[in-house]
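Visitor: Please take one part of this model and go through it closely. I would like to know how its pieces are joined to one another and to the rest of the chain.

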Amino acid sequence: MRMKTKLIHGGVDGDPHTGAVNVPIYQVSTYKQEAVGKHKGYEYSRTGNPTRHAVEEYIADVEGGVRGFAFASGMAALSTIVSMYNTGDHFVVGDDVYGGTYRVLTKVFNRFGVDVTFVDTSKAEVVREAIGPKTKAVILESPSNPLLKVTDIAAVAEVTKEKGILLIVDNTFMTPYWQNPLQLGADIVFHSATKYLGGHSDVVAGLVAVKDAELGEQLHFVQNSIGAVLGPQDSYYLLRGMKTLGVRMEEHEANARRIAQWLSERSDIVSVYYPGLENHPGHDVAAKQARGFGGMISFDVGSRERAEQVLSRTKIFTLAESLGAVESLISVPAQMTHASIPAERRAELGITDGLVRISVGIEDVEDLIEELERALA
Ligand SMILES: *Cc1c(COP(=O)(O)O)cnc(C)c1O
C-alpha cells in the first residue's frame, strides 16, 4: 500500500463488531469478564482501549513499526520513553530540540539522575564523540526547531548501531507522510500529534512507534504503569485528523515552498531557514531522506522591534504557539516556544530576537503572501 492509501486504510480498518467504516469512540473505562482473566482483550482502559488501540495500530502502520502507543501529549510520550531508563543513564540530545524536551530533560529527569549532553546532531562524528560508556540513546529532531537544521538520520543510526545504543527521533515536523525514521535506522519514533497529525488545533496528543517487539513490550509496561494515555475521544479526533494528512501535507508544502522562495528574494530579510531552499545547508540530506520539506519556515527580520511589527500586522497568520494545523500560525521563538531556553544559550544557537517562525497553513497562498508583504512594509 502506498502512503496515501495507508493513511485511509491503515491500522484497524473500520469496526469489526458493527461494520462501521471508522472506529467509534469506545467511551469506557472497564470491560466485563466472563470469568477471572477471561475477556475479549480489554480489561481496563489505561491498559488498552479499542479507540486508542486503533490509533496505536495506525501510527505503527504508517511509520513502518511493529507497535504503536498513544499518549496524552507529545511530552507525555517522551517522558514515558525516558522512564524506561535508570539513574546514571546518559542521553546525547540535539542542541536545538523543542523547548519542552530541553526542559523536561534538564529540570525534571535530571532530578532522577538521568544525564544529558546537547550536541549538534547534524554532525554524526560529533554525536559519536559525545557517546560514553553510560550513554543509552541519542534523541534528535530533523529538521529541528526553529532553525530547521537537518540531521542525516541514517548516518547517526550507523553510529548508534555500532555503539549498541538506541536512536530516538522526534518526527513531529516531517510527519510519517514525508519521512519514516524507523526505515532510516531509528529504533523509536515519536510525535507531538498535537501538530500536523491532529492537524486542526483541537487535540493535544503524543504518538510513538517502535521497530522491535521486545522494546514495544517494555514501552507498554511503562505506558500502563505511568498511565499518561490518550483518552478515547481524543484518539478518535486524531484518527479523523490523520486520514487527511496526505492532502494537507501536500498543500502545506506547496504554500511553504512559494513563501520561502518569495522571502529569500527580499533584500530586507536577514536569512530564511527552509530545507526546501537549495542554499539551505541541509537541503541535500533532506532531499535524500525525506519525500518532502514540510510546512515550517523561520526567517530573521533583523530586530525584535521589526519582529513585533510583523506580528502586530498579521491577521490570517494567527499569533500563537504550536504549529501544523490548517490555519497559518506565526510566532517569535525567542519569546515564546524557546523562552524556557536561557538567553545565552539561545544566542549560541542562533535563535535571535528577530527570528520569526511561521507554520504555513493551507489557505490560499496569494492571501498569505499579500499579508506578509503588508506586514514587512
Ligand atoms: C509541540 C512539540 C512537542 C511537545 O508536544 P506536546 O504535544 O505539546 O506535548 C515535542 N516536539 C516537538 C518538535 C514539538 O513541536
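Guide: In this predicted model, strand 4, helix 6 and strand 5 form a β-α-β unit of right-handed sense. Strand 4 covers residues 135–141 and helix 6 covers residues 153–163; strand 5 takes in residues 166–170. The two strands of the unit run parallel and are paired over 5 bridges. One contact in this pairing involves Glu 141, whose bridge partner in strand 5 is Asp 170.

Strand 5 also pairs with strand 6, residues 188–192, again in the parallel sense, here over 3 bridges. In that pairing Ile 168 has Ile 188 of strand 6 as its bridge partner. Strand 5 is mostly covered, with 4 of its 5 residues buried.

The loop of the unit, between strand 4 and helix 6, holds Asp 152. The side chain of Asp 152 meets that of Lys 288 in a salt bridge, at 2.8 Å from N to O. Lys 288 belongs to helix 11, residues 283–289, so this salt bridge ties together parts of the chain that lie 136 residues apart in sequence. The two partners differ in their surroundings: Asp 152 has a relative accessible area of 17% and is buried because the cut-off is under 20%, whereas Lys 288, at 57%, is exposed because that class begins over 50%.

Elsewhere in the chain, other salt bridges also connect distant parts. Arg 258 and Glu 366 form one, with their closest N and O atoms 3.3 Å apart. Arg 258 sits in helix 10 (residues 245–264) and Glu 366 in helix 14 (residues 365–376), a separation of 108 residues. Both are partly exposed: the relative accessible area is 38% for Arg 258 and 39% for Glu 366.

Helix 14 also contributes Glu 373, whose side chain meets that of Arg 266 in a salt bridge of 3.3 Å, N to O. Arg 266 is in the loop between helix 10 and strand 8 (271–273), and the two residues are 107 apart in the chain. Glu 373 is partly exposed at 41% relative accessibility. A further set of salt bridges with shared partners joins Asp 95, Asp 96, Asp 120, Lys 123 and Lys 149 into one network. Over the whole structure, the search finds 16 salt bridges, and the one between Asp 152 and Lys 288 links the loop of the unit to helix 11.

Note on methods: Residues are numbered from 1 along each chain as its sequence is written. This is a predicted model: local features need pLDDT of at least 70, side-chain atom pairs count only at pLDDT 80 or more; totals for chains, interfaces and linings use all residues. Side-chain values use heavy atoms; hydrogens and water are left out. A salt bridge is a side-chain nitrogen of Lys or Arg within 4 Å of a carboxyl oxygen of Asp or Glu. Buried means under 20% relative accessible area, exposed over 50%, partly exposed in between (1.4 Å probe, protein chains only). Two strands pair if DSSP finds at least two bridges between them. A crossover is right-handed if, with the strands pointing away from the viewer, the path from the first strand over the helix to the second runs clockwise.
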